[in-house]
Structure formats: structure tokens, C-alpha cells
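Subject: Structure handover

Hello,

Here is the structure for you to look over. My notes follow below it.

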Amino acid sequence: MAKQNNRRRTTPSRKSKKKTSVLQKKVIQFLTVALLLLIGFGIIYHYRNGLAYYFSFKTNKTLDKAAKEKRLSDVRNYQVLEKNESKAIGIDVSEYQDEIDWDEVKTLDDDYQLSFVFIRATVGNDRLDKRFEENWLQAKENKLIRGAYHYYRPNENSLEQAELFIKTVRLEKGDLPPVLDIERLPENQSMERLKLGLRRWLTKIEAHYKVKPIIYTGERYYDDFLKKEFSDYLFWIANYNFYREKMEEDWLFWQFTEKASVSGIKGNVDVNIFNGDLEQLQFITKE
């Protein structure tokens, strides 16, 4: 008779598997939290100067949503200006800034000297900026390098828009080239027709003022529609991305914020950086 095998069969322990699974989850959670903290500390360290500058006061006050957004924008603005301290800095204004005390328009946040200003002159084929004449004269009197821009309406006649700008703006020695501001997409025409209209405006303006105009637009609009076909023009690009701190080499101007504080101007104002110093900026003005 064969001997009976009395050895017990061993079964895998479920408890050990559960313990391993729980341990793995805890390790993953710990690593995730550690990574987030590391990223957070990295961001704080990167923006340490801006944070120190703008959070050194009013820390005991409760800020509303708009004020919090402004404070966050201020931190980035300081960081951008610090990274581009050798470049010329300016603003752009229109009737939306209401009455400006031009005698006070000298610095940004009392720290950064302003060298130039772009002033809106005309809109479409029939509208003048209500404060253009006043702003244009006052900027000159206060020794700011000035430039005029036209807000282009895609669905209106391009030559009529150019004529309105020519009738309104008289450029003098030391002024910046005229600017075409294009931001909107056409509603009842193709992009090809829009580009044809832009080209006609630019050509007519150049023929009149004897200087090549500058094109203002957003970075995405520039990349998608204008960069290749208008490569013979210089560009003024708007980009407010929090993580962008330097301008591209092919940008002439960079509008990096629409939420800055300038003495003499109520509310927010756009700030721009020229891709060069003051001497280089003077070099591109009208002779």
C-alpha cells in the first residue's frame, strides 16, 4: 500500500500582496506630493525677485479677484523687465485710457524709464480716436518717441482706411514708422482677400510717408496668417503668456502685458519692449 503524503500544500499569502499594494500606493503618493512641492518651490525661486518686490507690502489685506490677477501680472511684469533691462521700454494708449497726465508719464512702477509711446489714431474707414490729437501733441512735448497706429477693420475698404490715417497723422522727424494693427478675422471675405487688403494699406502708407510700416498683431495670428506672406515687414507682437519672458529675435516690438501701472495714467496700460536699446530705437525713427 502506498504511503499517504501528509504534507500540507502552501498557498500564497493574500495579506502580503495587500501590504505590498498599499505600500506602493503610499510611495507613489509621496513621490507625487514631493514632485509638486519641488515644482512649486522651483516656480517661487524663479520668480523670487518679482515676488519679493510685489508681495513686500499689503500682505495683511484681503484682495478681490481683480486685484489678485493684477498682482500676479505684476510679478510676471517685473520678471520680464528684469530679463530685458537693456532694452527700450514703452507703452501704447488710446481713448480708453481717458485723459492722461503726460507730465507724470515717465516710468513704469516708478522704476523703469519709458522711452516711447504708440498712440491710436484711426479705426476702420470712418473713426478717429477721440484723444489722438491731444495725446500726439503731449507725447512730443514730454520728449517721448511717438508712433501712430491704425486699427484695421477687415470688412471695410482698405484704401479708404489708409486715406483716413493719412489725413489724420502727420509724421515728423524722430517719429516711429506708422503701424497697422490687425487682430480680427474677416466675417464676409476670405483670408486671401484680407491679405490683399492689408497689402494695399501697407503699400499706400509707405508711398505717402516714405517709410515701411510696422504690423501689430497677436503671436498666433502672426504664426498662422502673416509670418510667411508678410516676411518683408517688421512686426510688433502681442503675447501675454505668463511663462514667456523673452522676445523672439524676429520681433521688433513685444507687447508683453496689458495690465501694468504707469504714473499719470488711470487703470491698466499696455507695455512694450523694443528689441534693442534706446540708441537703436532712435535709428528706426523718421529722418
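Helices H6 and H7 are roughly perpendicular to each other. Their axes cross at roughly 105°, and angles of 65 to 115 degrees count as roughly perpendicular. The axes come within 12 Å. H6 covers residues 191-209 and H7 covers residues 219-226. On the H6 side, the contact is made by Met191, Leu194, Lys195 and Leu198. On the H7 side, Tyr221, Phe225 and Leu226 take part. Please keep in mind that this is a predicted model.

Overall picture

The protein has 287 residues, and 43% of them count as buried. It contains eight helices and eleven strands. Among contacts with a separation of 6 or more, 70% are between residues 24 or more positions apart. The exposed area is about 17,700 Å². Carbon and sulfur atoms supply 51% of that area.

Salt bridges

The structure holds 18 salt bridges. Side chains of opposite charge can pair when their charged atoms come close. Three pairs and one network are picked out here.

Start with Glu172 and Lys140. Their closest N and O atoms are 3.9 Å apart, and the cut-off for a salt bridge is 4 Å. Glu172 sits in the loop between helix H5 (158-168) and strand E7 (179-181). Lys140 belongs to helix H4 (residues 132-141). The pair therefore ties together parts that are 32 residues apart in sequence. Glu172 counts as partly exposed, at 34% relative accessibility. Lys140 also counts as partly exposed, at 35%.

Next comes Arg244. Which residues does Arg244 pair with? One partner is Glu219, with the closest N and O atoms 3.3 Å apart. This pair links distant parts of the chain, 25 residues apart. Arg244 is in the loop between strand E9 (234-238) and strand E10 (251-260), while Glu219 is in helix H7. Arg244 has 16% relative accessibility and counts as buried. Glu219 is buried too, with a relative accessible area of 18%. The cut-off for buried is under 20%.

Glu248 is another partner of Arg244, with the closest N and O atoms 3.2 Å apart. Glu248 is partly exposed, at a relative accessible area of 36%. Elsewhere on the list, salt bridges that share partners join Glu95, Arg120, Arg127 and Asp129 into one network.

Arg76

Is Arg76 buried or exposed? Arg76 is buried, with a relative accessible area of 4%. Its place is in helix H3 (residues 65-83). Arg76 and Arg244 are 168 residues apart in sequence. In space, their C-alpha atoms are 9.0 Å apart. Arg76 touches Arg244. Leaving aside residues up to four places away in sequence, Arg76 also touches Asn239, Tyr240, Asn241, Phe242, Trp254, Phe256 and Thr257.

Surface patch

Leu23, Val27, Phe30 and Leu31 make a nonpolar surface patch. The patch measures about 430 Å². Phe30 lies in helix H1 (residues 14-46). With a relative accessible area of 59%, Phe30 is exposed, as the cut-off for exposed is over 50%.

Where to look

Two places to open alongside these notes are the H6 and H7 crossing and the surroundings of Arg244, including Glu219, Glu248 and Arg76.

Best wishes

Conventions
Residues are numbered from 1 along each chain as its sequence is written. This is a predicted model: local features need pLDDT of at least 70, side-chain atom pairs count only at pLDDT 80 or more; totals for chains, interfaces and linings use all residues. Side-chain values use heavy atoms; hydrogens and water are left out. Patches are made of residues with over 30% relative accessible area and no salt bridge: like charges are joined within 9 Å, nonpolar side chains (Val, Leu, Ile, Met, Phe, Trp, Tyr) within 5 Å. Accessible areas come from the Shrake-Rupley method with a 1.4 Å probe; for residues, only the protein chains shown count as cover. A salt bridge is a side-chain nitrogen of Lys or Arg within 4 Å of a carboxyl oxygen of Asp or Glu. Helices (H or I, at least four residues) and strands (E, at least two) are DSSP runs, numbered from the N terminus. Buried means under 20% relative accessible area, exposed over 50%, partly exposed in between (1.4 Å probe, protein chains only). Contact means heavy atoms within 4.5 Å. Axes are lines fitted to C-alpha atoms, for helices over the stretch in contact, and angles run from 0 to 180 degrees between N-to-C directions. Angles under 35 degrees count as roughly parallel, over 145 as roughly antiparallel, 65 to 115 as roughly perpendicular and the rest as oblique.
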